[in-house]
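Trainee: Could we go through this structure together, one question at a time, beginning with a pair of residues and then moving outwards?

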Amino acid sequence: MRRLAIVIASIAVALMSLGVPAVSADSLPMTLVQSGFSDPVFLTNAGDSRLFVVERGGVIKIIHDDESVSTFLDIPTLVNQNGGEQGLLGLAFHPNYASNGLFYVYYTTPSGNETLVEFKRSTGNPDVADQNSKRVLLTFSDPYPNHNGGWMAFKGDNLYLSLGDGGSGGDPQNRAQNLDRWWGKILRINPLDPDGNGPLTYSIPSGNPFVGRAGKDEIWAYGLRNPWRCSFDDLTGKLFCGDVGQESYEEVDRVKSGKAVNFGWHKLEGFHYYNWKGHTSGNVCTGSCYKLPIAEYAHSAFGGGNCAVTGGYVSRRSGADLNGDYVFGDYCSGKVWVIPADFSPGTTLPNPVVDTDYNISSFGEDSMGRIYLVDLNGAIYRLDGS
């Protein structure tokens with residue numbers, strides 16, 4: 001491994017003036033962990049020291065302790081290969097993975113459908129998945145090639161899956177606000193086979209907000225454009241999401257749980273009214289029926305070049321420089337921000353702590369809670385202060 005120290009001039013003074021603690025005084029040190037990946041879009045762990053890297057083309061690879069790399073899952077024939085916002089987008093290991101070997105992937109098929117699939121690790125080799133164990137939980141048509149979401153994570157026994165509004169521009173069919181559609185939502189299901197290879201492929205948690213009332217039972221939260229990477233704060237359980245904006249603003253959302261929350265799209269873009277047909281001013285809705293973000297930034301802000309927020313993680317590792325801070329970035333500009341996990345909504349966003357030349361496709365965590373940055377160009381970096 002080689003160390004990459006990225007030194008930022010004047011950041012400490014700027015952050016302190018805004019009441020935000022500086023990171024390592026004047027730098028955000030990173031270590032290059034491994035390079036040579038093909039369009040990596042996510043990194044996670046399975047509860048041990050291995051790092052699992054998701055490649056958009058349909059391959060999941062493992063970075064081992066000795067820095068070697070091996071292939072865990074290889075399903076390019078099942079995955080759309082046209083690039084863009086389609087492909088293999090999400091991975092989550094079941095909380096009982098050590099005993100049941102189950103994990104879940106979310107991808108776009110060659111025909112353009114979005115699919116949630118369960119696989120199981122091989123019984124003979126823990127570093128290889130059993131590709132014949134494929135079990136499809138969800139598959140649904142995709143109206144456009146963009147805004148597919150793809151973040152997945154477990155909280156307890158339940159799997160959360162973020163879906164974008166389905167694409168095009170401005171959500172022309174109002175899918176994000178329509179509770180009869182999955183698009184523009186975060187879904188919550190128990191993915192385990194509920195009836196032993198019977199007709200059901202998953203079960204609905206009884207606490208889901210639309211069970212027994214209007215709206216699809218799987219929906220947990222709604223009103224999102226393209227939630228690109230969310231996470232749960234290990235200490236507070238709060239949900240953080242980076243929701244990619246349409247034309248002018250990127251936003252970071254934080255909610256206690258997300259249950260039944262309306263994040264406002266396409267009526268709002270960040271803190272601002274979005275000029276959709278028939279709505280240019282006045283109340284977005286009556287009462288407190290939507291949740292404003294905790295932070296936003298304009299595409300032209302901080303020197304410009306911003307275009308798509310990439311949500312990150314709250315560092316909770318004892319003794320870490322970033323302990324208690326939320327880290328996120330922008331895919332196009334390569335900027336990285338660090339803000340307190342309890343950042344006050346509406347507070348002016350501080351300057352980014354670093355301005356990289358990376359296409360930040362994701363952040364990730366290892367089993368010790370250290371945070372990693374994923375560059376779509378093929379490299380994985382560890383944030384040493386996390």
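Mentor: Let us begin with Glu 250, keeping in mind that this is a predicted model; its bridge partner lies in β20, and that partner is Tyr 297.

Trainee: How many bridges join strand β17 to β20?

Mentor: The pair of Glu 250 and Tyr 297 places a bridge partner in β20, so it helps to look at the strands as wholes, for strands count as paired only if there are at least two bridges between them. Strand β17 covers residues 249–255 and runs antiparallel to β20, and the number of bridges that join them is four.

Trainee: Which strands are the edge strands of the open sheet that contains β17?

Mentor: The sheet is open and has four strands, with antiparallel pairing, in the order β15-β16-β17-β20. Neighbouring strands here are turned against each other by 10 degrees on average, with direction ignored. An edge strand pairs on one side only, and in this sheet that description fits β15 and β20 (295–298).

Trainee: Which element gives the most to the lining of the largest pocket?

Mentor: The largest pocket has a volume of about 660 Å³ and is lined by 28 residues, with Thr 44, Asn 45, Ala 153, Phe 154 and Glu 365 lying nearest its centre. Elements that each supply at least two residues of this lining include β3 (40–44), β7 (88–93), α2 (97–100) and the edge strand β15 (227–232). The element that gives the most, with four residues, is β11.

Trainee: How many charged residues are in the lining of the largest pocket?

Mentor: Sorting the lining of the largest pocket by class gives 15 nonpolar residues and eight polar ones. Glu counts as charged, and Glu 365 is among the residues that lie nearest the centre of this pocket. The number of charged residues in the lining is five.

Trainee: Which elements give two or more residues to the lining of the second largest pocket?

Mentor: The second largest pocket has a volume of about 390 Å³. Of the 22 residues that line this pocket, the closest to its centre are Gly 84, Glu 85, Asn 226, Trp 228 and Tyr 331. The elements that give two or more residues to its lining are β21 (309–314) and β25 (360–365).

Trainee: What share of the residues of the whole protein counts as buried?

Mentor: The secondary structure of the protein comes to two helices and 27 strands. A residue counts as buried when its relative accessible area is under 20%, and of the 386 residues of the protein the share that meets this is 59%.

Technical notes: Residues are numbered from 1 along each chain as its sequence is written. This is a predicted model: local features need pLDDT of at least 70, side-chain atom pairs count only at pLDDT 80 or more; totals for chains, interfaces and linings use all residues. Side-chain values use heavy atoms; hydrogens and water are left out. On a 1 Å grid over the protein atoms alone, a cavity is a set of points where a 1.4 Å probe fits but cannot get out, and a pocket is an open set with protein on both sides within 12 Å along at least five of seven lines; lining residues have an atom within 4 Å of a point. Grid points are joined across faces, edges and corners, and a volume is the space filled by probe spheres set on the points. Axes are lines fitted to C-alpha atoms, for helices over the stretch in contact, and angles run from 0 to 180 degrees between N-to-C directions. Buried means under 20% relative accessible area, exposed over 50%, partly exposed in between (1.4 Å probe, protein chains only).
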